[in-house]
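Biologist: I am new to this structure and would like a close look at a single part of it. Please choose one place where pieces of the chain meet, and then follow its connections outward.

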Amino acid sequence: MSFAATVYLGIGSNVDRERHVLAALNALSERYELFAVSSVYESESVGFDGSPFYNLVVGIRTGESIATLSRFLKGLEVENGRRPGMPKFSPRTLDLDILTYDDRVGVIDGVELPRGEILTNAFVLRPLAEIAPAVEHPQKNRTYQQLWAEYTGDQKLWPIPFSWQGRAISPRP
């Protein structure tokens, strides 16, 4: 058996949101061991005036390197209509981000680990705290549950009903 890293990924979309989130979940589950899926949250766009986003976090296990995983995620974004080179703050068919890769720290293969957005964006921290409450942030020595409890930002987000592969992954309001 090969070494498998525990990785948390952020998934977001604000263009044909349900279709793109489902496409990401299907592709990820076909390629990786998908061991955790958070609720799907809706939130306002951050940094630009755009349609609301759907966001969630998933946990995968993979033997792939950070570079290989990153290339796959970028390819999956393009397959789902994302155009490379678009401004950072713009509508997205699909946005896939490596949040953590085991407890690795630093810029590795062009990927910032852990991703800075974990600490600043509720749409990343809340779903991460939901599926990995007892896991510690590799630099803060605080669990994601503790970090969420201490979060003071004013971003608003709310869980929305969402089903995947015949099961509800988000609660009914």
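Modeller: What follows starts from one pair of helices and moves out from there. The model is predicted: local features need pLDDT of at least 70, side-chain atom pairs count only at pLDDT 80 or more, and totals for chains, interfaces and linings use all residues. Residues are numbered from 1 along each chain as its sequence is written, and side-chain values use heavy atoms, without hydrogens or water.

The pair is helix H1, residues 17-31, and helix H2, residues 66-79. Helices (H or I, at least four residues) and strands (E, at least two) are DSSP runs, numbered from the N terminus. H1 and H2 pack at an angle of about 145°, and their axes are 11 Å apart; axes are lines fitted to C-alpha atoms over the stretch in contact, with angles from 0 to 180 degrees between N-to-C directions. On the H1 side the meeting residues are Ala24, Ala27, Leu28 and Arg31. Facing them in H2 are Thr68, Phe72, Leu73 and Leu76, where contact means heavy atoms within 4.5 Å.

Both helices also feed the largest nonpolar core, along with strands S1 (5-13), S2 (33-37), S4 (53-62), S5 (95-101), S7 (111-113) and S9 (162-164), each supplying at least two residues. A nonpolar core is a set of buried Ala, Val, Leu, Ile, Met, Phe, Trp, Tyr and Cys residues joined through side-chain atoms within 4.5 Å; buried means under 20% relative accessible area, exposed over 50%, and partly exposed in between (1.4 Å probe, protein chains only). This core has 33 residues, and those touching the most other members are Leu9, Ile11, Leu25, Val58, Leu69 and Ile98. Leaving out residues up to four places away in sequence, Leu69 touches Val7, Leu9, Tyr32, Ile60, Glu64, Ile98 and Tyr101.

Just beyond the pair is Asn80, in the loop between H2 and S5. Asn80 has a relative accessible area of 13%, so it counts as buried. With residues up to four places away in sequence set aside, Asn80 touches His20, Ala23, Thr93 and Leu94. Ahead of H1, in the loop that joins S1 to H1, is Asp16. This residue is not a glycine, yet its phi is positive, about 45°. Asp16 is partly exposed, because its relative accessibility is 43%. Most residues other than glycine have a negative phi, and most peptide bonds are trans. Gln165, in the loop between S9 and strand S10 (167-170), also has a positive phi, near 50°. With 56% relative accessibility, Gln165 counts as exposed. The bond from Leu113 to Pro114 is cis, with omega near -15°, and Pro114 is in the loop from S7 to helix H3 (117-120).

A second core, separate from the one described above, has 18 residues, including Phe123, Val124, Tyr144 and Leu147. Helix H4, residues 122-131, is mostly covered, with eight of its 10 residues buried; among them are Phe123, Val124, Leu125 and Leu128. Phe123 is also a contact of Ser43, which is part of strand S3 (residues 40-43). Ser43 counts as buried because its relative accessibility is 3%. Beyond four places in sequence, the contacts of Ser43 also include Pro52, Phe53, Asn55 and Trp158. The C-alpha atoms of Ser43 and Phe53 are 5.3 Å apart, although 10 residues separate the two along the chain.
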